[in-house]
Amino acid sequence: MPEEKKDIGITVKKQDDLPEWYEQVCLKAELAEFSPVKGCMVIRPNGYAIWEAVQAYFNANIIKPMGVKNAYFPLFIPESFFHKEAEHAEGFSPEVAWLDKEITGEGERLAVRPTSETIMYDSYSRWIRSHKDLPLRINQWCNVVRWETQATKLFLRSREFLWQEGHCVYATEEECEHETIEYLKRYATLCKELLALPVLIGRKTEKEKFAGAKTTYTIEAFMPDGKALQCGTSHNLGQGFAKAFGISFTGKDEKMHTPWQNSWGLSTRLIGAVIMTHSDDKGAVLPPAIAHAHVAIVPIIFEDSKEEVMEVCKTVKDRLKGLSVILDDRDDYTAGWKFNEWEMKGVPIRIEIGPKDVAKKQVVIVRRDSGKKSVASIDEAYKEVSVMLESMQHDLYRKAEEFLESSIVEAKSWKEFTDAIQKRKLVKGIFCGEIECEDTIKDKTGGASSRCIPLDDEPVEGNCLHCGNPAQHKIFYSKSY
RNA sequence: GGGGUUGUGGUCUAGCUUGGUAUGAUUCACGGAUGGGGUCCGUGAGGUCGGGGGUUCAAAUCCUCCCAACCCCA
């Protein structure tokens, strides 16, 4: 590649400068761009296609089988609603964007939703009267605003982002707890099957749990630079919100009861996790299950054989019915240019068809992740591509899983712990789990925070690696986004 | 809050010291050739030089205020 052409592509290597590399991939693969409004981002069609794939999977594999209904609640929330649940109000107040009374013309300020518990549960208090109304399971796809001061990172941190939030109400504590974990497990399955993203599944510590929740469960992915990324959460809200919002029902016993609630969400942050995990120095690598296109057919054109080659390209495109196929018939770009472009944009498979292939009734098939070229007859192209898409999806997951597993270190002492944190590992150790202790650990380690307590949490023996008090849990720690 | 750096077609950039109406590349449009890993030639389009004010016959250039972005220090 000539030197002066290099800046069309990614100019830094993933392993040299991950943040810069990541930004370039997002921009140059046309997934997203920065907005003129500080802290916000534009999601471009190639990026939005990933979100649509998440939505389609989610609606089919979580919403429907779990009996959840989609709905929509307002963007604006009365200030008084916010203050009904004290912990919730305190946790979110630093990053809520408000519409002042002068603007609203009402008696109170309105919050731009950072999350919708309060506005939804106000409705729930009117909807729920009887045990026959339960369980109530509602989800909404929407945008939320959290007025952060930290620098914007495309998909990973922006003041406005897209997500889904599910909010369910149950008659019993057991049912509530069971489904809270069920949603989390389905999140993990989504990450695996759709995004080829392995995640840790666990429970948040007191310090890290959601404001107003009894228990917060989480899935955590681990990025190539040794920082964890929270990819989804599921909160058992207990009865706190129900009491604050006056949600109650009459049971079969003809007495009044307070129900149990959970809420669970995942966001466009997932897109960032996928890009960062799988992509490489040539640009985006997208798992086939979420790619905006599966195949790009690039004809190799020579003046004397142009028509025959284009004819075969069209035939092959027809035979790939059911897949999303781009036939790149642009006349003003060379084949090499197109190769680079589709690699940059993360199309999983490229098919090259030139005069030599036409003569042999074959096509050249190239996998985006490995760059491996193979040859298939025109008749077998569909089968070959299908198999390749499936194995690519699988291989991407396995590669990421190997990285995750090789990043986990078990620490037996404070020194082992800090050494491993320094090496940007995902460190497992035993701790007291107290908020003050965790605050101090964060200060001493330059920002390491607890990721989660494994779901199969069993009583532990020994003392907290940091403070020496009796340990309560095994906890994963790492730096994080 | 304090200090510094930088703002020039969509993008990157020359020019600023020493004032004379903006250089080149890329992108975009059209034409021709080329075509198995970012091809070349030609023609054309595209600029309130971050904004206001001042000095001057004349300001991208000098002075001043403002704005924005980035960096450093509290």
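At what angle do the axes of helix H2 (residues 45-63) and helix H7 (residues 173-193) cross, and within what distance do they come? In this predicted model, the two axes cross at roughly 140° and come within 11 Å. An angle over 145 degrees would count as roughly antiparallel; H2 and H7 are therefore oblique to each other. The handedness can be stated as well, since H2 passes H7 in a right-handed crossing. On the H2 side, the contact is made by Tyr 57, Phe 58, Asn 61 and Ile 62, while H7 brings Tyr 183, Arg 186 and Leu 190 to meet them. Sorted by class, the residues of this contact comprise 5 nonpolar, 1 polar and 1 charged.

We turn next to the strands. Strands of a sheet pair through backbone hydrogen bonds, in either a parallel or an antiparallel sense, and strand S7 (residues 136-145) offers an example of each. With strand S3 (residues 69-70), S7 pairs in the parallel sense over 2 bridges, and here Asn 70 stands opposite Asn 139 in S7. With strand S8 (residues 160-170), by contrast, S7 runs antiparallel, and 10 bridges join the two. Within this pairing, Leu 136 is found opposite Val 169 in S8.

A further group of strands forms an open sheet. Its 3 strands follow the order S4-S6-S5, and their pairing is antiparallel. The edges are taken by strand S4 (76-78) and strand S5 (97-99), each of which pairs on one side only. From one strand to the next, the twist averages 40°. A look at one of the pairings adds some detail: S4 and strand S6 (residues 110-112) run antiparallel and are joined by 3 bridges, with Phe 76 standing opposite Val 112 in S6.

The last region to consider is the surface near RNA strand B. There are 27 residues around this RNA strand, and those that come nearest are Gly 9, Gly 336, Asn 340, Gly 354 and Lys 356. Which element supplies the largest share of this surface? That element is H11, with 8 residues. Helix H11 (335-345) is accompanied by helix H12 (355-360) and strand S18 (362-367), and each of these elements supplies at least two residues of the surface. By class, the surface near RNA strand B has 12 nonpolar residues, along with 10 charged and 5 polar ones.

Note on methods
Residues are numbered from 1 along each chain as its sequence is written. Chains are lettered from A and ligands numbered from 1 in the order in which they are written. This is a predicted model: local features need pLDDT of at least 70, side-chain atom pairs count only at pLDDT 80 or more; totals for chains, interfaces and linings use all residues. Two strands pair if DSSP finds at least two bridges between them. Helices (H or I, at least four residues) and strands (E, at least two) are DSSP runs, numbered from the N terminus. Axes are lines fitted to C-alpha atoms, for helices over the stretch in contact, and angles run from 0 to 180 degrees between N-to-C directions. Angles under 35 degrees count as roughly parallel, over 145 as roughly antiparallel, 65 to 115 as roughly perpendicular and the rest as oblique. A crossing is left-handed if the near helix is turned anticlockwise from the far one by less than a right angle, and right-handed if clockwise. Two residues are in contact if their C-beta atoms, placed from the backbone, lie within 7 Å. Ala, Val, Leu, Ile, Met, Phe, Trp, Tyr, Cys and Pro count as nonpolar, Asp, Glu, Lys and Arg as charged, and the others, Gly among them, as polar. A residue is near a molecule or strand if its C-beta atom, placed from the backbone, lies within 6 Å of it.
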